[in-house]
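Hi,

Here is the structure I promised to send over. Have a look at it first, and then read on for what turned up.

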Amino acid sequence: MSAVSNSNFSSSRFTLTGFPGLEVDYPWLSIPFSSIYAVVFLGNCMVLHVIRTEPSLHQPMFYFLAMLALTDLCMGLSTMYTVLGILWGLVQDISLDSCIAQSYFIHGLSFMESSVLLAMAFDRYIAICNPLRYSSILTNGRIMKIGVTILCRSSLLIPPVIIRLRFLNYCRPHILSHSFCLHQDLIRMACSDIRFNYIYGLALVISNLLLDAVLILISYIMILYAVLAIASREERIKSLQTCVSHICAVLVFYVPIIGLTMVHRFGKHLSPMVHVLMGNIYILFPPLMNPIIYSIKTQQIRKRIQRLFYLKGI
């Protein structure tokens, strides 16, 4: 009986919410969204290519940037099928198993991006507060260990709460709030006991996103303290300029997450369009903006890209 029940749950279909009230405009909406995904893929692939092919960029700071670009690239891939599928009229619903898989990748990649941003904050802290030991602390071996730790932290802690979604009874209307699957959306439809999902999910958010944000804030307080101790005004400005790109990336990542959380928690009375808009900003804004930020604000990346296009023009 249990096997039959589980089979029924796994065959359930969940309706994806596109843009309520704008269904007739989907062909037009698909143009900017397709452009956004194109920029996400091309921009992050460009950053990865530049770092791989330019020997002068084989430094800890740019290795972490490559991790960030790879994470953003995977985030784009994880949502492109359903978001563009809805706008192109190819997808209207999604199976439970596919929804769980997508939820795993979205949340896992969010945790991974947060961890990479923390590693980048550590890199900036060492570069500014302990520059003489920078190369001896952040060796290639240590960077590889940090990368493996980030991967394990982001991928191995989530399965318990995600796998449990497979065995819940979904008796409420199978209508998702977004064009993709989120854990909090699925447990909202469940009639089973979701205390484990709620408590474990909250613990994951606290031990990953919240802890990372606090540690990043502490690192910048220490960086600011060290910078203010520098006598030369020019040196202070130069030191802070090396942090501008990372600060922008942190804001681009955490502000949409906070906004989406506020909307889900306190915005029940708001239009469904607000929920959809915040969800898409949360998914697409960081992967879209990070390569633009680093291409503009990081001199080494900008010059290498300019040289690459100059050579192609010739």
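Cys-171 and Cys-191 are joined by a disulfide, with an S to S distance of 1.3 Å. Bear in mind that this is a predicted model. The torsion about that S-S bond is about -50°, so the link between Cys-171 and Cys-191 is left-handed. It connects distant parts of the chain: Cys-171 sits in the loop between H7 and H8, while Cys-191 is in the loop between H8 and helix H9 (195-228), 20 residues apart. Are these two cysteines buried or exposed? Neither label fits, because partly exposed covers the range between under 20% and over 50% relative accessible area. Cys-171 comes out at 47% relative accessibility, so it is partly exposed, and Cys-191, at 36%, is partly exposed too.

There are two disulfides in the structure. The other pair is Cys-99 and Cys-181, whose sulfur atoms are 2.0 Å apart. This link is left-handed as well, with -115° about the S-S bond. Cys-99 belongs to helix H4 and Cys-181 to the loop between helix H7 (159-164) and helix H8 (183-188), so this disulfide ties together parts 82 residues apart in sequence. Here the accessibility is 0% for Cys-99, which therefore counts as buried, and also 0% for Cys-181, again buried.

Counting bonded cysteines along the chain, the pattern is 1-3, 2-4. Some cysteines stay out of it. Cys-152 is in no disulfide, and the nearest cysteine sulfur, from Cys-74, is 16 Å away. With 35% relative accessibility, Cys-152 counts as partly exposed. Cys-248 is in no disulfide either; its nearest cysteine sulfur is that of Cys-243, 11 Å away. Why does Cys-248 count as partly exposed? Because its relative accessibility is 26%, and the buried class stops at under 20%.

On to the inside of the protein. The largest nonpolar core has 86 residues, and the members touching the most others are Leu-65, Leu-117, Tyr-170 and Leu-176. Helix H4 (residues 96-129) gives this core its largest share, 15 residues. H4 is also the helix that holds Cys-99.

Which residues does Leu-65 contact, once its neighbours within four places in sequence are set aside? They are Val-47, Ile-51, Met-120, Tyr-294 and Ile-301.

Cheers

Technical notes:
Residues are numbered from 1 along each chain as its sequence is written. This is a predicted model: local features need pLDDT of at least 70, side-chain atom pairs count only at pLDDT 80 or more; totals for chains, interfaces and linings use all residues. Side-chain values use heavy atoms; hydrogens and water are left out. A nonpolar core is a set of buried Ala, Val, Leu, Ile, Met, Phe, Trp, Tyr and Cys residues joined through side-chain atoms within 4.5 Å. Buried means under 20% relative accessible area, exposed over 50%, partly exposed in between (1.4 Å probe, protein chains only). Helices (H or I, at least four residues) and strands (E, at least two) are DSSP runs, numbered from the N terminus. Contact means heavy atoms within 4.5 Å. A disulfide is a pair of cysteine sulfur atoms within 2.5 Å.
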